[in-house]
Amino acid sequence: MEKILEGLVSSTHPLPLKRAIVRRVVESAEAPLSEPQCRAMFELSTRLILQGPDPFQRQVGRQVLEAYARHHRAAFEAFFTRDLVLALLRGAGGEGPASACLPSGLDPAVLDYIQGGLRLLISCPAVLELFALLQEEASRLVGERPPAPLCARLCQLLSDFPQCLPRGRKAALGFCQQLVRSIAHFQTQGTREAELRLYVAQVSQVSGLLRSVWKTEPDTLLPSLQELFAIISSTDTSFEPSVALASLVQHIPLQMITVLIGSLTTDPNVKDASMTQALCRMIEWLSWPLAQHVETWVIALLKGLAAVQKFTILIDVTLLKIELVFNRLWFPLVRPGALAVLSHMLLSFQHSPEAFHLIVPHVVKLVKSFKSNSLPSSTTFLGQLSELIHCMMYHYSGFPELYEPILEAIKDLPKPGEEKIKMILNQSAWTSQSSSLQSCLSGFSGKSETGKTGLINLGNTCYMNSVIQALFMATDFRRHVLSLNLNGCNSLMRKLQHLFAFLAHTQREAYAPRIFFEASRPPWFAARTQQDCSEYLRFLLDRLHEEERTLKALSSSELPRDMNDESLVQDVSSKTPLSTKPSPTATEERTLIEKMFRGKLQTSICCSNCKSTSHKEEPFTDLSLAFCPPVFLENGEPPKVDNLSEGKDTSMEPVINAAFSPVAETPSDILAVGDCSEMVTNEGTPKDHPIDSDCENVTDPVECKDSLQKHVAEVTPSVIDLLNYFLAPEVLKGDNKYYCEKCASLQNAEKTMQVVEEPEYLILTLLRFSYDPKCHIRRKILDNVSLPLVLELPVKRTVSTLSPVSGVWSVGVEFSDTGENLAKKLKPSGAEEVGCSQCIPYVLSSVVVHSGISSESGHYYSYARNVSSSGSSSGSFDQSQGLALAYPQNHFMAGEAPVAAVEKKLGETEVSKEWFLFNDSRVTFTSFQSVQKITSRFPKDTAYVLLYKKQNSANALNATSANGLWVNGDPPLQKDLMDAITKDNKLYLQEQELSARTQALQAAAASCSFRPNGFDDNDPPGSCGPTGGGGGGGFSTIGRLVF
C-alpha cells in the first residue's frame, strides 16, 4: 500500500484522480494491518509531511498519518517515540528506518508534526515521557535564538500543551529570560503589509506565551523585566534589540509602574548612559502597532527621571528622539500614544526652545494633511495638536519667522485660553514633577504653582526685591523694557531688561539679582543694611531716565575714540546723581520712564489782596501722601481755609518728587517724597507712635511694644482721603505769607494743587515715617489705610487760553521752600484759562508692604497682579462706578460706601483671584481681600507704596505685535538674552541633578528635619518666622534686621 501511495503522489496523473485514490487509501486504514505495514505507512506519511515538495503531498501525509494512527494506536505509539521526537528537535541523526524521514534541520513543519503526534497520543501513557522531553528541549530551543516564525510555532505548541512548559521556578525563570532574549533578536523578513502583519502575529504569539507563564509563575515577572531592561540599556553598538520587545509592555500590570520606575530611577548601579539608551529604545517602541500602554510607561519613566533630577538624561533623550516621536503621528495605529509622549516631552522641556524648534518645520505639512482628511479622528487629533502648539508658542514667543506659517495653518482651530495654557505649562515642567521619591529632596524644587519667579534676598535687599517685582508686574512697563534693542550696551536699562527676562523665563524658583543690585544701589546705601524702598524706587527711575537721556544726547554727537560703550555707561551712571539738566520739553522725545511714570502737577497761589494768581507746573514720578488730621476725616468735606494751615503743617507739606530732579551727593541733602532720612514730625498725626523694640535708646521696650494698638486710627482713612488732603487748598499766612509781585509785599494767599497731566502708572507713597526725638529714631505711623481697587484721578484739562503764559516757575523750585523763598521764585501768569475736570480711571496694580514698627528694621514684601491697558487681567469696570476724586475746590468724598460697593462688585469677579504675594524667594497666590485685610490681621504690616495703572492707555504696547506673534503678550527676547536664559536653565537643571544625587547618597544617614515647638503656623507674610519670606535660612535670626 505504501508503494502505491508513494508512486501515486509523485505521478503526473490529474489531481482529482489522485485525491480519489488517496481517499480510498485513507478508508483502508480501518482494515487490520501488521506492525511492519503500519510502520511503513507512518514513515511514508512522516516523510511526506516533512519533506513533501508541494502542499498536496504534505496534506496527503497528514491525512494518512492521522487515519492510520487513530486506527492503529499501539503501532503509532511504538513509532512516535522519545528518540524520534528528540531527533526531530535536534534536526539530525537517529538510527533505524525512521531516520530516513527526518529533515536536515529544525523548521516550523517539524513542530507542526510533533504537535500532531502529541494530539494523537494524548490519552496514551507514553505521552508523559514526551512532555518531559519537551520541557527540557523548549529551554534549549529558545536559548538558540530561533527566528520569529520558528519561535512563534514553538510557543504555539507550548500554549496548546502547557504540560511541555518548563516546571519549577528556576527552570521557568530561565525559560522566560531566554524567551525575552529571543524576542530581542527578532527581525522582520519583509516590508510588504502582508509580511508585516504575519510578523506582528508571530511576535504576539511569543509575548502571549510569556504572559501565560507570568500568570502561572508570578515570581518570574520581575526577573524577566530586569532582563528586558538589561537588553534595552545595553550600550553595545554591535547589537540593536528588536522593537518587537514592545509587545511585552502590554502584559506588564500597570499597578507595578510606581514600584518599577521608583526602583529603576534610584538604582545607583544604573549608569546614565544605560538609562539614556533604555529610554531611547522605549520611545522607539511607539512604532510597534497593537502594543498597549507603551506611552504610559515611557511617560512614567520620564516623570520618574524628573523626580530624581536626572535632567541630563531627559535633555539628551528629548533632543535625540523628539523628531522620531513627531513622525509617528503620521501612522493611525500608533498616533494616540505618540501624541501623548510628544505632548509630555515638549511641555516638560521648558528651559529652552530647542526641542520645540526641531519639530516646527514639520508641523504645517502634518496639519494640512489632516485637514484634507475629514475623518472625526483627524479632527480630534488636530484639536489636541493645536492646543499643544499654542502652549509652546506661548512659552517661547519671539520667533516670527518660524511661527507665522504655523499660525496661518492652525488659525481656524480651537485656541486654548491663557489661563489654561499657564496651568498646563506649570503642571508639566520637570521641576514641577511630584513624587514620593522626593521626600528627601524637598529643598530642590522648581517654580511655585504660580509660575512666577521669586528674588533671592542678598542680605537686607527686600527693599529692592519688592520694588522690582512691582515693576515687573507692571505689564506695559515690562513689555516696553523687554522690547528695547539694547545689544552691545551695558546700561542699567540693559541690566533691568536682563533681570525681567530671567524673571519671565527662568526655571529657577528664585533668581539672585546680584548684578542688578550692585548696578542700581544708590551710592549712599550701605550694603546689607535696611533701606527705604521708596527712596530706592525714586533713585532707580531717575537713574534710568537720566541714563537714557544722556545716552541719546551722546549718540547724536561724536563720542571720544578712546571710550567704549561700557566705560561710557559707567561714566554716565556716575554723573547721573549730579545731573542738573531740566526735563525735556514737549518737543523732545520722552524717555521710557517719562512715558510710563511722569505726570505733571500745577501749583496755583492766589493772593487774597489783589486776587492775582501765579501758576507753576512741575513733573512728578510719585505723589507722597501725608496722613490727614482727624478733623479732615470727621467732617467729610474740606476744612475751612482759615484752619487748614493749622491742621496741615507746612513743614510736613506733601512733597512731590520732581521727576528726574537733581539728586544730592549725600543722603543728608535729600528731602523728597517718602524719604525717611529727613522726615519731621507731622502735627496731624498722633503724638505717641510705636517705636522699635530693638531701639538702643529705649528704656522700656515693653512700653514701646504695648503702644502698638493704641495708635491705630479709629476712623480708617482711605487712599482717596489722603489724595483729597494732598490736593486740598492751603492758606499761606503768618510766617508763611506769600510775596505778591503785584502788591509788592507779603500777603495772605491760598495755594492749591491740581494734576494737569496724568502718568501711565500712578505711584503713591504713604508718608509713614517721622522722626521721634524721644527714641531718636524714625518711627512709623501704623494707621490702617483702605486701598480702593479702582479710583478716578481728577485731571485738569485746559479748554482755552486768552494769552500765553507770561512766565513759568524755575525748575529748581522745591515744594519744601516756604515763605519768602517760595514767593521770590514765583512769577505771575497773565494767562486766563478755562479748566474742566476729567476723571481718569486707574486700577490698583501692586502694593509694597512694610512690616515692622520702625524704618530702621522690618521687612518689605509686595502684592501684585498683571494689569495691562486693555484690562485683560484686571477685568472691565464701569467708569460711572469708579471712585472719583473731586477737585479740592468743589467737593470731597464722604465715607467709604462707594469704595466698598465697587470693591465688593469687583471682588466677585476673577479680579480678586489674580493677585500674587512676592516675599523675596517665595511667590504664592493670594486675593485682593488679603491685601485689604493685611493691616487688620497684622498691625505691623502696612501698605507703603502703591502702583495704580491707568486704563485705556494710548501708550501701551499691544498684547500682540503687528504679525500677531506675541503669543504670551510679551515681546520676543533678543537672541543673546534667550541664549543666556537657556544656558542658565541648563545649568540649573544640572545643579538640581547633582544636588539630588548627592542627597540620595546621603539619604540613609540624613536625619529628619523638624519644627521646634512654639512656631506659629499663621505668621504674617512679612514675618521673620519659618513661614516668612526671608532669604535667610535656619532658626537663628539674631542680629538681622531685614530678612
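Is R528 buried or exposed? Select R528 and show the surface: at 57% relative accessibility, R528 counts as exposed. Keep in mind as you go that this is a predicted model.

**Stop 1: around R528**

With R528 still selected, look at the backbone. The residue lies in the loop between α25 (514-520) and α26 (533-555). Its phi is near 60°, a positive value in a residue other than glycine. We will meet this feature again further along the tour.

**Stop 2: the whole chain**

Now zoom out and colour by secondary structure. The protein chain holds 36 helices and 18 strands. It has 1043 residues, and 54% of them count as buried. If you draw contacts between residues at least 6 apart in sequence, 78% of them join residues at least 24 apart.

**Stop 3: two helices to put side by side**

Select residues 35-51, which make up helix α3. Its 17 residues reach 24 Å from the first C-alpha to the last, close to the 24 Å expected at 1.5 Å a residue. Turn on the side chains and you will find a run of buried positions from M41 to T46, namely M41, F42, E43, L44, S45 and T46. C38, A40, L48, I49 and L50 are buried in α3 too.

Next, select residues 311-327 for helix α16. How far apart are its end C-alpha atoms? They are 24 Å apart, and this agrees with the span of 24 Å that 17 residues should have at 1.5 Å a residue. Even so, look along the axis: α16 has a kink of about 45°, centred on K321. K321 is itself one of the buried residues of this helix. Others to pick out include F311, I313, L314, I315, V317 and T318, along with I322, V325 and F326.

**Stop 4: the start of α8**

Go to A126, in helix α8 (residues 126-143). A126 is partly exposed, with a relative accessible area of 24%. Add A78 to the selection: the two are 48 residues apart in sequence, and their C-alpha atoms are 9.2 Å apart in space.

**Stop 5: the nonpolar cores**

Show nonpolar side chains and centre on F477. The largest nonpolar core has 214 residues, and F477 is among the members that touch the most others, together with L245, I468, F500 and F597. Which residues does F477 touch, leaving out those up to four places away in sequence? They are L471, L496, F500, L592, I593, M596, F597 and Y761. A second, separate core of 45 residues is also there to select, and V785, V849, W915 and L917 are included in it.

**Stop 6: strand β10**

Y761, which you just saw beside F477 as a contact, leads into the next selection: strand β10, residues 761-766. All 6 of its 6 residues are buried, so the strand is largely enclosed by the rest of the structure. Display the side chains and rotate: Y761, I763 and T765 point one way, while L762, L764 and L766 point the other way.

Now add the strands that pair with it. Strand β4 (residues 613-625) and β10 pair in the parallel sense over 4 bridges. Strand β18 (residues 941-950) and β10 pair in the antiparallel sense over 5 bridges. L764 is a handy residue to centre on, as it is the bridge partner of L623 and is also partnered with L946 in β18.

**Stop 7: a hairpin**

Move along to residues 769-772, strand β11, and residues 777-780, strand β12. These two run antiparallel and are joined by 4 bridges. F769 stands opposite K780 in β12. The strands form a hairpin with 4 residues between them, and H776 in the turn has a positive phi of about 60°.

**Stop 8: β8 and the loop before it**

Finish at A744, in the loop between β7 (738-740) and β8. A744 has a positive phi of about 60° although it is not a glycine, which echoes R528 with its phi near 60°.

Then step to Q747, found in strand β8 (residues 745-747). Is Q747 buried or exposed? At 19% relative accessibility, Q747 counts as buried. Its side chain makes a polar contact of 2.7 Å with the side chain of S745. Setting aside residues up to four places away in sequence, Q747 touches C607, N609, L732, K737, Y738 and C740.

Methods
Residues numbered from 1 in each chain as written. Predicted model: local features only at pLDDT ≥ 70, side-chain atom pairs only at ≥ 80, totals over all residues. Heavy atoms only, no water. Expected span 1.5 Å × (residues − 1). Bend = angle between axes of the 7 residues up to and from the residue. Buried < 20%, exposed > 50% of the residue type's maximum accessible area, 1.4 Å probe, protein only. Pairing = 2+ DSSP bridges. Polar contact = N/O pair within 3.5 Å; in protein donor to acceptor, adjacent residues only side chain to side chain. Contact = heavy atoms within 4.5 Å. Core = buried A, V, L, I, M, F, W, Y, C linked by side-chain atoms within 4.5 Å.
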